[in-house]
Amino acid sequence: MLSDIPQGSILGPLLYTIYTADVPQSDTTILSTFADDTAIFTTHPDSTLASANLQDHLRAIENWTRNWRLKIN
C-alpha cells in the first residue's frame, strides 16, 4: 500500500498535516517535527527516568505507525 503524496503538490502540506495530526504526544517528552523529520526530546535529572520516558513515547509512536501501516525510515 502506497501512502505518499507527490512532491510539490498543492495539497501536499495539508494532507501531510491531516495524516500526522494524531501522532502520539506525551507529558514527559517534547515532539518536534519539521517537514517529514521528527525528533523526540526529554530532560530529567535522572538519566534512567529520561531514557524510560523516551522509550515509552517511542512505543506509543510504534503502535501508531503499526495502526496506520507506516514504515519508519
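These questions and answers walk through a predicted model, from its helices to its salt bridges.

Reader: What distance separates the end C-alpha atoms of helix H2?
Author: Helix H2 covers residues 47-68, which is 22 residues. At 1.5 Å a residue, the helix should span 32 Å. The model agrees: the end C-alpha atoms are apart by 32 Å.

Reader: Within what arc do the buried residues of H2 fall?
Author: The buried residues of H2 are Ala50, Asn53, His57, Ile61, Trp64 and Thr65. Seen down the axis of H2, they line one face of the helix, because they fall within an arc of 110°.

Reader: Which residues are exposed on the other side of H2?
Author: The buried residues of H2 include Ile61 and Trp64. The other side of the helix has exposed residues. These are Thr48, Arg66 and Asn67.

Reader: Which elements do the buried residues of H2 pack against?
Author: Trp64 and Thr65 are among the buried residues of H2. The buried residues pack against one helix and two strands. The partners are H1, strand S1 (30-34) and strand S2 (37-41).

Reader: Is His57 buried or exposed?
Author: His57 lies in helix H2. Its relative accessibility is 3%. The cut-off for buried is under 20%. His57 therefore counts as buried.

Reader: Which residues does His57 contact, leaving aside neighbours within four places in sequence?
Author: His57 sits in helix H2, and the buried residues of H2 pack against H1, S1 and S2. One contact of His57 is Leu31, which is found in strand S1. The full set is Pro24, Gln25, Ser26, Thr29, Leu31 and Ile40.

Reader: Where does Thr29 lie?
Author: Thr29 counts as buried, at 8% relative accessibility. Beyond four places in sequence, it touches Ile40, Phe41, Thr42, Asn53, Leu54 and His57. Of these, His57 lies in helix H2. Thr29 itself lies in the loop between H1 and S1.

Reader: How far apart are the C-alpha atoms of Thr29 and Gly8?
Author: Thr29 is in the loop between H1 and S1. Thr29 and Gly8 are 21 residues apart along the chain. Their C-alpha atoms are separated by 32 Å.

Reader: What separation do the C-alpha atoms of Leu31 and Phe41 have?
Author: Leu31 is found in strand S1. Along the chain, Leu31 and Phe41 are ten residues apart. In space, their C-alpha atoms are separated by 6.5 Å.

Reader: Which residues are in contact with Leu31, neighbours within four places aside?
Author: Leu31 counts as buried, at 17% relative accessibility. Its contacts include His57, a residue of helix H2. The whole list is Val23, Pro24, Gln25, Thr38, Ala39, Ile40, His57 and Ile61.

Reader: Which residues does Asn53 contact, leaving aside neighbours within four places in sequence?
Author: Asn53 is found in helix H2. It is buried, with a relative accessible area of 13%. Its contacts are Thr28, Thr29 and Thr42.

Reader: How many salt bridges does a search of the whole structure find?
Author: Arg59 forms a salt bridge with Asp56. Arg66 forms a salt bridge with Glu62. The search of the whole structure finds two.

Reader: What is the closest N and O distance between Arg59 and Asp56?
Author: Both residues lie in helix H2, three residues apart, about one turn. Arg59 is partly exposed at 43% relative accessibility. Asp56 is partly exposed at 46%. The closest N and O atoms are apart by 3.1 Å.

Reader: And what is the closest N and O distance between Arg66 and Glu62?
Author: Arg66 and Glu62 are four residues apart in helix H2, so about one helical turn separates them. Arg66 counts as exposed at 53% relative accessibility. Glu62 counts as partly exposed at 39%. Their closest N and O atoms are apart by 2.9 Å.

Reader: What phi does Arg69 have?
Author: Arg69 lies in the segment after H2. It is exposed, with a relative accessible area of 67%. Arg69 is not a glycine, although its phi is positive, at about 55°.

Reader: Which residues make the nonpolar surface patch of about 390 Å²?
Author: One member is Leu14, in helix H1 (residues 12-19). Leu14 is partly exposed, with a relative accessible area of 49%. The patch is made by Leu11, Leu14, Leu15 and Ile18.

Notes:
Residues numbered from 1 in each chain as written. Predicted model: local features only at pLDDT ≥ 70, side-chain atom pairs only at ≥ 80, totals over all residues. Heavy atoms only, no water. Patch = residues over 30% accessible without salt bridge, like charges linked within 9 Å, V, L, I, M, F, W, Y side chains within 5 Å. Areas by Shrake-Rupley, 256 points an atom, 1.4 Å probe, with all protein chains shown as cover. Salt bridge = Lys/Arg side-chain N within 4 Å of Asp/Glu carboxyl O. Buried < 20%, exposed > 50% of the residue type's maximum accessible area, 1.4 Å probe, protein only. Expected span 1.5 Å × (residues − 1). Arc of directions from axis to C-beta. Contact = heavy atoms within 4.5 Å.
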